[in-house]
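Biologist: Could we go through this model together, beginning with the protein surface that faces the nucleic acid and then turning to helix packing?

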Number of protein chains: 2
Amino acid sequence: MPGPIQSLERAAAILRLLAGGERRLGLSDVASSLGLAKGTAHGILRTLQQEGFVEQDPVSGKYQLGAELLRLGNSFLDVHELRARALVWTDDLARSSGESAYLGVLHQQGVLIVHHVFRPDDSRQVLEVGAMQPLHSTALGKVLAAYDPVAHSEAAEGERAALTGRTVTSAADFEALLDLTRARGWAADLEETWEGVASIAAPVYDRRRMPVGAVGISGAVERVCDDDGAIRPRLVAAVRDCARAVSRDLGAGRF
Amino acid sequence: MPGPIQSLERAAAILRLLAGGERRLGLSDVASSLGLAKGTAHGILRTLQQEGFVEQDPVSGKYQLGAELLRLGNSFLDVHELRARALVWTDDLARSSGESAYLGVLHQQGVLIVHHVFRPDDSRQVLEVGAMQPLHSTALGKVLAAYDPVAHSEAAEGERAALTGRTVTSAADFEALLDLTRARGWAADLEETWEGVASIAAPVYDRRRMPVGAVGISGAVERVCDDDGAIRPRLVAAVRDCARAVSRDLGAGRF
DNA sequence: GATGAAGGTCGACATTGTCGACCGCGTCCC
DNA sequence: GGGACGCGGTCGACAATGTCGACCTTCATC
């Protein structure tokens, strides 16, 4: 394989750097963070700015991500076949379950949320499309880790941070959890990622029967579980039905 | 000014090409569309793929936009100060007006929607964040064209397509419309972009009193206008109040 | 008004991306 | 069935290209 294009790799690194740091970054920050000469970093930033991928605050001279990224990210959603097929089914899932519905795919070391349907009530909610979730602690992530070999190695080799007191961090426990997930065909997250929040997810397959994503719901643990602390079977059934429906829509045939 | 980086410009052109065409594109399509040698296009695509900006369909070999763009677009929203300040006010605007609320900024030759609050009812709506709207026919666009010199030249020099029978296309009429907008301090769009849809928008200023965006509402013309076909003053007031509130939040002071 | 650090420019250098010919594979059509 | 086309992808020579580090200007600080 011939070598990748250096200037592009560096441009991508700059964009990721700008995306990571909360605040705007100056030219010198960017150059030193990536070990580049100032002139080099400036040339890349200037081109990125010209193309709209980066914007510069006129007064401070600092850089931040540009609007073109939002436009392209939206175009990505338009083309995304899995998301298009899942739109109507996740809508039904949110309505029938009364909780927020999510569609996630593997991206780098996490789950990228590509679709999110708000919980059907009038509460104020923030859209999480484009956000990342950890593989090891969320229901969506566990499903991907259990069924997608690439996701599995990312989750197994990556760090498993203890996000709450209930997060499973040890390798053996995590593998046991994935075995359970494969045996049941779905995964849960009982306050392992956020205190008070539980979620349920199931895998989505494409026409070649390969796992390509996961759908799930997420909500307050008091609603997702019954009085004994057990996950409500009705919700599990709704999630699995939705996953099957989307898979069928993708051409995976019946199970 | 030293020259921009060629490979980056080409990579950006490829991404825009992939964003524009509805379907996936093959290597040869990309190369011939941009007048590049196949080897060159392949090198850029390979690097973009490695960085997650482009994905390749394993069976057809065709390319489409990648998930990293969604993630970065989301990060752009996180950093966007105008959007952050407008979140709560646009929420109020949607609630008080009963219509969808939008926040738009100038981007290239159009209005980029950076925030969108659904109309507060249970109807199925699609999120338009990341979408582009024309400058010459929408209320948001007219506000920007009226107050932002850059937007004005883009709108004046660009093509003004007749999207409906009521779209204003002639240069003189358009300038008159902008004069009216400046005189009133707000703009309207009465079925000039989509049949049956009317919208109202007002400008948002930053701490230097420069126009940086526009907020507005959009809805069925029957609801936005009264029985005589006149725009409901209550809605105009709500939009202008919201624009003032956001401007104040940005440090523009009182008017 | 000296100082330092910021963003930005410049020009020499050789690294680096580019080009077009070439490869292997699948498909379509004789 | 076999040849020819078109596809995605590779290769290596060449020089155009991006890179580097010294330098400039500006601004805030002391």
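Biologist: By class, how many nonpolar, polar and charged residues does the surface near DNA strand C have?

Modeller: This is a predicted model, and in it 18 residues surround DNA strand C, among them Gln6(A), Leu27(A) and Thr40(B). Two or more residues each come from α1, α2 and α3 of chain A and from α1 and α3 of chain B. Divided by class, that surface has five nonpolar, two charged and eleven polar residues.

Biologist: What percentage of the atoms of DNA strand C that come within 4 Å of the protein do sugar and phosphate account for?

Modeller: Individual contacts to the phosphates come from both chains: a polar backbone atom of Gln6(A) is 2.4 Å from a phosphate oxygen of DNA strand C, and a polar side-chain atom of Thr40(B) lies 2.6 Å from a phosphate oxygen of the strand. A polar backbone atom of Leu27(A) is likewise placed 2.8 Å from a phosphate oxygen. Of the strand's atoms within 4 Å of the protein, the share belonging to sugar and phosphate is 71%.

Biologist: How are α4(A) and α1(B) oriented to each other: roughly parallel, roughly perpendicular or oblique?

Modeller: The axes of helix α4 of chain A and helix α1 of chain B are 9 Å apart, and the helices pack at an angle of about 40°. Their contact is made by Glu68(A), Arg71(A), Leu72(A) and Ser75(A) on one side and by Leu15(B), Arg16(B) and Ala19(B) on the other, and the crossing is left-handed. Angles under 35 degrees would count as roughly parallel and those from 65 to 115 as roughly perpendicular, so α4(A) and α1(B) are oblique.

Key
Residues are numbered from 1 along each chain as its sequence is written. Chains are lettered from A and ligands numbered from 1 in the order in which they are written. This is a predicted model: local features need pLDDT of at least 70, side-chain atom pairs count only at pLDDT 80 or more; totals for chains, interfaces and linings use all residues. Side-chain values use heavy atoms; hydrogens and water are left out. Axes are lines fitted to C-alpha atoms, for helices over the stretch in contact, and angles run from 0 to 180 degrees between N-to-C directions. Helices (H or I, at least four residues) and strands (E, at least two) are DSSP runs, numbered from the N terminus. Angles under 35 degrees count as roughly parallel, over 145 as roughly antiparallel, 65 to 115 as roughly perpendicular and the rest as oblique. A crossing is left-handed if the near helix is turned anticlockwise from the far one by less than a right angle, and right-handed if clockwise. Contact means heavy atoms within 4.5 Å. A residue is near a molecule or strand if one of its heavy atoms lies within 4 Å of it. A polar contact is a pair of N or O atoms within 3.5 Å; within protein, one must be able to donate a hydrogen and the other to accept it, and residues adjacent in sequence count only if both atoms are side-chain atoms. Ala, Val, Leu, Ile, Met, Phe, Trp, Tyr, Cys and Pro count as nonpolar, Asp, Glu, Lys and Arg as charged, and the others, Gly among them, as polar.
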